[in-house]
Amino acid sequence: MQAVPSRRGGDSRKGSLHLKNNEESNTRRGFLKASGLLATGSIFSSARQGLASQFQNERLHVWSCGGLADAFIPAKQFYEQLHPCHIDYTGAYAGALGKSLLGGATTEVFAPRSLELARRLREQDKMVHFVPLCFTKYVLVTPKGNPGKIQGVQDLARPGVKTVLSPNASPPGGEASTLILKKAGVLEAATKNAVVSGDCVQRVLPEVTPGGKGDVAVMEMRLTRKAGYEGKTEIIEIPEEFIPPQPVPFVIGLMKWAHNRDLAEEFIKFITSEKGQSFFAAAGFIPAKSAEGERLIQKYGVHDA
């Protein structure tokens with residue numbers, strides 16, 4: 001099992017910004033101006049702004065599934081610019097973090113990709129409450145230009161199509177993509193067509209970019225938004241009937257160990273606000289705060305028990 005960082009440990013990503021005295025004031029004003037916040041007021045209400053003064057030098061420990069890191073890191077940096085606090089963020093394998101929390105580990109805010117895990121933590125009174133955060137989307141990914149002329153998931157069974165698979169990737173990556181192919185009735189043929197069969201979805205991503213070995217892969221859309229890959233791939237929809245429900249929803253919850261519950265609650269409110277959700281949209285997720293997100297909330301029953 002992957003080692004889980006201590007709750008007291010620093011932010012492994014080192015994404016925070018440390019500003020001082022007048023330099024802090026000038027830099028923050030420039031940041032707010034560039035963000036359009038000076039013109040529009042604040043993304044928070046005046047009541048929240050008053051509450052934020054209580055956060056001076058406070059630290060908040062936030063854990064999430066590692067797949068959310070590309071959204072959480074810029075989001076927490078933005079939040080730190082608005083409030084005089086520090087967010088210690090850890091993104092790691094969700095199974096390891098969940099097992100740790102069900103055991104003796106502690107954190108203050110947790111964002112798992114498993115609705116079942118969030119409900120188990122609630123049942124054990126370790127999570128106070130949770131709310132919908134975002135949804136991932138499984139798609140067909142081809143190199144830019146779509147050299148294999150892929151039109152849909154059935155094409156993965158077509159003779160001559162070079163598929164890129166990762167059946168042994170850590171859950172839910174390998175398991176989910178395999179189940180999609182199985183439900184579509186093309187798993188056997190797609191496996192025979194495989195020119196790459198790896199154990200990490202992210203590592204095989206270059207194979208479905210120009211110059212790679214493959215024509216198509218089943219992946220989460222978020223992977224195509226990673227640095228260095230934007231503009232190098234094309235996305236083709238997979239019918240929703242083939243998508244397994246378990247890996248799709250993400251939630252975010254307040255844990256009972258929150259030292260400053262006001263700060264923890266305010267951070268969750270920010271992450272689920274329109275501005276906070278924009279970081280998840282940019283990282284390739286479907287924000288809960290969107291028309292599509294609302295539909296998926298109802299479809300998957302993403303609500304606190």
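Student: Which exposed residues does the face of helix 6 turned away from its buried side carry?

Tutor: In this predicted model, helix 6 has a buried side made up of Leu115, Leu117, Ala118 and Leu121. Seen down the helix axis, these buried residues fall within an arc of 165°, so they line one face of helix 6. The face turned away from that buried side carries two exposed residues, Glu116 and Glu123.

Student: Against which elements do the buried residues of helix 6 pack?

Tutor: The residues to consider are Leu115, Leu117, Ala118 and Leu121, which are buried in helix 6. Their packing partners include both helices and strands, namely helix 5, strand 3, strand 4, strand 10 and helix 12.

Student: Which element supplies the largest share of the largest nonpolar core?

Tutor: The largest nonpolar core has 40 residues, and Phe110, Phe135, Leu140 and Leu181 touch the most other members. Several elements each supply at least two residues of this core, among them helix 5, strand 4, helix 7 and helix 12. The largest share amounts to four residues, and the element that supplies them is helix 6.

Student: Is serine 64 buried or exposed, and what is its relative accessible area?

Tutor: Serine 64 is found in strand 1, and its contacts beyond four places away in sequence include Phe72, Tyr89, Leu97 and Phe110. The contact with phenylalanine 110 also appears in the list for that residue, which touches Trp63, Ser64 and Leu97 among others. Residues count as buried when they have under 20% relative accessible area, and serine 64 is buried, with a value of 0%.

Student: Which strands stand at the edges of the open sheet of six strands?

Tutor: The open sheet has mixed pairing, and its strands follow the order 2-1-3-10-4-11. A strand at an edge has a single partner strand, so one side of that strand is left without a neighbour in the sheet. The strands in this position are strand 2 (85-92) and strand 11 (286-287).

Student: Which residue in strand 10 does histidine 129 stand opposite?

Tutor: Strand 4, which covers residues 127-135, pairs with strand 10, residues 249-255, in the antiparallel sense over seven bridges. Within strand 10, the residue opposite histidine 129 is leucine 254.

Student: At about what angle does helix 4 run to strand 2?

Tutor: Helix 4, residues 69-82, lies across strand 1, strand 2, strand 3, strand 4 and strand 10. Helix 5 also lies across strand 2, although the angle given for helix 5 is about 125° to strand 1. For helix 4 and strand 2, the angle is about 175°.

Note on methods:
Residues numbered from 1 in each chain as written. Predicted model: local features only at pLDDT ≥ 70, side-chain atom pairs only at ≥ 80, totals over all residues. Heavy atoms only, no water. Pairing = 2+ DSSP bridges. Contact = heavy atoms within 4.5 Å. Axes fitted to C-alpha atoms, helices over the stretch in contact; angles between N-to-C directions. Core = buried A, V, L, I, M, F, W, Y, C linked by side-chain atoms within 4.5 Å. Buried < 20%, exposed > 50% of the residue type's maximum accessible area, 1.4 Å probe, protein only. Arc of directions from axis to C-beta.
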